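The following exercises are to be worked with the sequence and the coordinates at hand. Each task is followed by a solution in steps.

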Amino acid sequence: MELTGKNVFITGSSRGIGLAIAQAFSQKGANVVLNARSAISEELIASVAGPENKVIAISGDVSQEKDAQRMIKEAIDQLGSIDVLVNNAGITNDKLMLRMTQEDFEQVLRVNLTGAFNMTQSVLKPMTKARQGAIINISSVVGLMGNVGQANYAASKAGLIGFTKSVAREVAGRGITVNALAPGFIASDMTGVLSEKTQEAILSQIPMKRIGQACEVADLVTYLAAQTYITGQVLAIDGGMTMY
C-alpha cells in the first residue's frame, strides 16, 4: 500500500509511541487522525502536520463502544475513508496479584483490549466494503512473557495477540491485513524516571544493551501498514529480549 494520501487513525496518539507513529505517517504523506480522551491542542496538531497532508484531532474514549463508533464516523466524514487503524491506546495499573482488585484488572482490559475491539469493529465495515486496509495492534513483550505486578496488563496484551490472529483470518480474503507489534522497553516519560539500578536491571535482560526509541517502533508500524502480504503476525521490537 502506498501511504501517500492514505488516511490513518492512531488511538492514544497525543504523546509517546502514539505521537511518534503519527509523525512517521505524516512524514510519509499520509493524512493523520490524532486521538486522545481529552482535547488535543492546535499546537500539537501543527507539529505533526506536513506541507501536503491533513492532520485532524478527534477526542474520545476507545473503551466506550459509542465513542469508538462516533470517532470512526467523524474521521470518515472528514477524510472520506480510514485506510489504516493503529490501536495504540493503552494504560497500566500495576499491582501484585494479591493486592489487585477486580476493578484494577478490568479497567486495564477495557482500554487495552476492549478498546481495540471497539475500534476494529467500527472500522471493519468500511474497510471490508473498500476491500483494502491495514490494522496494527500495539501489544507488548509483557504479553509474550509476563511480568511481576502486571497480570492485568499482560492479560490485555496477550489477549490482543490472540485477537490479532483471529481477526486476520476473518478478513484476509477482503484484502485487509491485521498484525501486532510487541515493543520491549522503549524510552518514554515512564522509563526516564526509573532509578539507575532499575535501568541496569532492565538492560541486563536486553541482548542489545540499550532501550529502544519510539521512532523505531513508528518506523516498523509504517512498514507493516505498507505491506499487503504480511498478516496475522506478531513482531517483537525489543532488542532481543524475547529471542530465548
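**Exercise 1: A residue in a helix**

At 2% relative accessibility, T120 counts as buried. The model is a predicted one. Task: determine in which helix T120 is found and with which residues T120 is in contact, leaving aside its neighbours within four places in sequence.

Solution.
- Step 1. T120 belongs to helix α4.
- Step 2. The cut-off for burial is under 20% relative accessible area; T120, at 2%, is therefore buried.
- Step 3. Once neighbours within four places in sequence are set aside, the contacts of T120 are L85, N87, I135, F163 and V167.

**Exercise 2: The sheet and its helices**

Task: establish the order of the strands in the open sheet and state which helix packs on the sheet touching β1, β4, β5 and β6.

Solution.
- Step 1. The open sheet is formed by seven strands with parallel pairing, and their order is β3-β2-β1-β4-β5-β6-β7.
- Step 2. β3 (55-57) and β7 (234-237) are the edge strands, each pairing on one side only.
- Step 3. On average, and with direction ignored, neighbouring strands of this sheet are turned by 20° against each other.
- Step 4. Within the sheet, β5 (residues 133-138) and β6 (residues 176-183) are joined by six bridges in the parallel sense; G133 is placed opposite I176 in β6.
- Step 5. The helix sought is α4 (residues 102-130), whose direction makes about 175° with that of β4.
- Step 6. A further helix, α6 (residues 151-171), lies across β5, β6 and β7 and runs at about 160° to β6.

**Exercise 3: Nonpolar cores**

Task: identify the residues that touch the most other members of the largest nonpolar core, and the element that supplies the largest share of this core.

Solution.
- Step 1. In soluble globular proteins, nonpolar side chains tend to be buried together.
- Step 2. The largest nonpolar core has 33 residues, and those touching the most other members are I10, I21, F25, L34, V86, L181 and V221.
- Step 3. At least two residues of this core come from each of β1, α1 (16-27), β2 (31-34), α2 (42-48), β4, β5 and α9 (214-226).
- Step 4. The largest share, seven residues, is supplied by α9.
- Step 5. Neighbours within four places in sequence aside, F25 is in contact with L3, V8, I10, A30, V32, V84, V86, V221, T222 and A225.
- Step 6. Another core, of 32 residues, lies apart from the largest one and includes V33, A68, L79 and M119.

**Exercise 4: Two helix pairs**

Task: classify the packing of α3 against α4 and of α1 against α9.

Solution.
- Step 1. Helix α3 (residues 65-79) packs with α4 at an angle of about 40°, the axes being 8 Å apart.
- Step 2. α3 is therefore oblique to α4, and the crossing is right-handed.
- Step 3. On α3 the contact is made by E65, A68, Q69, M71, I72 and I76, and on α4 by N118, M119, Q121, S122, V123 and P126.
- Step 4. For the second pair, the axes of α1 and α9 come within 8 Å and cross at roughly 50°; these helices are therefore oblique to each other.
- Step 5. α1 passes α9 in a right-handed crossing.
- Step 6. G16, I17, A20, I21, A24 and F25 of α1 meet A214, C215, V217, A218, V221, T222 and A225 of α9.

**Exercise 5: A loop residue**

Task: decide whether M208 is buried or exposed.

Solution.
- Step 1. M208 is located in the loop between α8 (196-203) and α9.
- Step 2. The relative accessibility of M208 is 56%, so M208 counts as exposed.
- Step 3. From C-alpha to C-alpha, M208 and G173 are 38 Å apart in space, and they are 35 residues apart in sequence.

Conventions
Residues are numbered from 1 along each chain as its sequence is written. This is a predicted model: local features need pLDDT of at least 70, side-chain atom pairs count only at pLDDT 80 or more; totals for chains, interfaces and linings use all residues. Side-chain values use heavy atoms; hydrogens and water are left out. Two strands pair if DSSP finds at least two bridges between them. Helices (H or I, at least four residues) and strands (E, at least two) are DSSP runs, numbered from the N terminus. Axes are lines fitted to C-alpha atoms, for helices over the stretch in contact, and angles run from 0 to 180 degrees between N-to-C directions. Contact means heavy atoms within 4.5 Å. A nonpolar core is a set of buried Ala, Val, Leu, Ile, Met, Phe, Trp, Tyr and Cys residues joined through side-chain atoms within 4.5 Å. Buried means under 20% relative accessible area, exposed over 50%, partly exposed in between (1.4 Å probe, protein chains only). Angles under 35 degrees count as roughly parallel, over 145 as roughly antiparallel, 65 to 115 as roughly perpendicular and the rest as oblique. A crossing is left-handed if the near helix is turned anticlockwise from the far one by less than a right angle, and right-handed if clockwise.
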